Amino acid sequence: MDNTLELISLLPVRLAFEGWASTQILPQSYITDDEDFLLVWEQSYSFEANSWLNQHNDTSHSCTCCLTSGYYSGWIGRVLGVPVVAAEISCRARGDSVCRFIMSAPSSLEIYLKAYSQKNPQKITEVRNYRSTAQSC
């Protein structure tokens with residue numbers, strides 16, 4: 001993990017530069033190269049959510065940022081050398097204030113989602129109808 005943090009921190013910069021998203025990695029993230037890995041981030045701007053909102057006259061019933069989830073999972077998994085999946089748990093296209101994601105090892109995702117809901121009861125309604133990169137978008 002000599003330059004892992006640097007490579008992970010480049011992703012939000014790249015996405016901002018490309019106009020894809022404005023990303024903030026949240027402090028509850030735990031960067032490690034094993035099953036304990038946890039990355040929580042949110043996007044105040046997402047081209048996917050904005051595209052949905054611009055093309056439809058109503059909000060989505062589910063999260064829409066599956067490209068972002070997949071791109072992050074691919075980048076981070078490659079950097080870490082271990083498989084990871086991401087779930088979008090809130091989405092601006094769905095009417096939430098931000099797009100928020102949780103990423104972990106596939107075997108840990110449901111555990112982290114449950115723990116997040118318990119620690120963030122005010123956001124518990126956001127952990128519904130999420131999509132993970134392990135599922136089809």
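Is His61 buried or exposed? With a relative accessible area of 68%, His61 is exposed, and that residue opens this set of close-ups of a predicted model.

**View 1. His61 sits in a loop between two helices.** The loop that holds His61 links helix H2 (47-55) with helix H3 (66-80). Because its relative accessible area of 68% is over the 50% cut-off, His61 counts as exposed. Look also for Ala93: the C-alpha atoms of His61 and Ala93 are 8.6 Å apart, although 32 residues separate the two in sequence.

**View 2. Strand E4 is largely enclosed by the rest of the structure.** Strand E4 covers residues 99-104, and 6 of its 6 residues are buried, so the rest of the structure largely encloses the strand. In a regular strand, side chains alternate between the two faces of the sheet. Here Cys99, Phe101 and Met103 lie on one side, while Arg100, Ile102 and Ser104 lie on the other, and both faces are covered. For the protein chain, confidence is highest in E4, at a mean of 91, and lowest in strand E5 (residues 131-132), at 52. The chain as a whole has a mean pLDDT of 81, with 86% of its residues at 70 or more.

**View 3. E4 pairs with strands E2 and E3.** Strand E2 (residues 38-46) runs antiparallel to E4, and 6 bridges join the two. To find your way along this pairing, start at Leu39, which stands opposite Met103 of E4. Strand E3 (residues 85-90) is also antiparallel to E4, with 5 bridges between them. On that side, Ser90 has Arg100 as its bridge partner in E4.

**View 4. Tyr72 belongs to the largest nonpolar core.** This core has 21 residues, and those touching the most other members are Phe37, Leu39, Trp41, Tyr72, Ile76, Cys91 and Met103. Helix H1 (4-17), E2, H3 and E4 each give two or more residues to the core. A second, separate core of 10 residues includes Leu38, Val40, Ile102 and Tyr116. Back at Tyr72, its contacts beyond four places in sequence include Leu11, Pro12, Leu15, Leu39, Trp41 and Met103.

**View 5. Glu48 of helix H2 is a buried residue.** Glu48 has a relative accessibility of 8%, which is why it counts as buried. A polar atom of the Glu48 side chain lies 2.8 Å from the backbone nitrogen of Leu67. Beyond its neighbours within four places in sequence, Glu48 is in contact with Trp20 and with Thr64, Cys65, Cys66, Leu67 and Thr68.

Conventions: Residues numbered from 1 in each chain as written. Predicted model: local features only at pLDDT ≥ 70, side-chain atom pairs only at ≥ 80, totals over all residues. Heavy atoms only, no water. Helix = DSSP H or I, 4+ residues; strand = E, 2+ residues; numbered from the N terminus. Buried < 20%, exposed > 50% of the residue type's maximum accessible area, 1.4 Å probe, protein only. Pairing = 2+ DSSP bridges. pLDDT = per-residue confidence, 0-100. Core = buried A, V, L, I, M, F, W, Y, C linked by side-chain atoms within 4.5 Å. Contact = heavy atoms within 4.5 Å. Polar contact = N/O pair within 3.5 Å; in protein donor to acceptor, adjacent residues only side chain to side chain.
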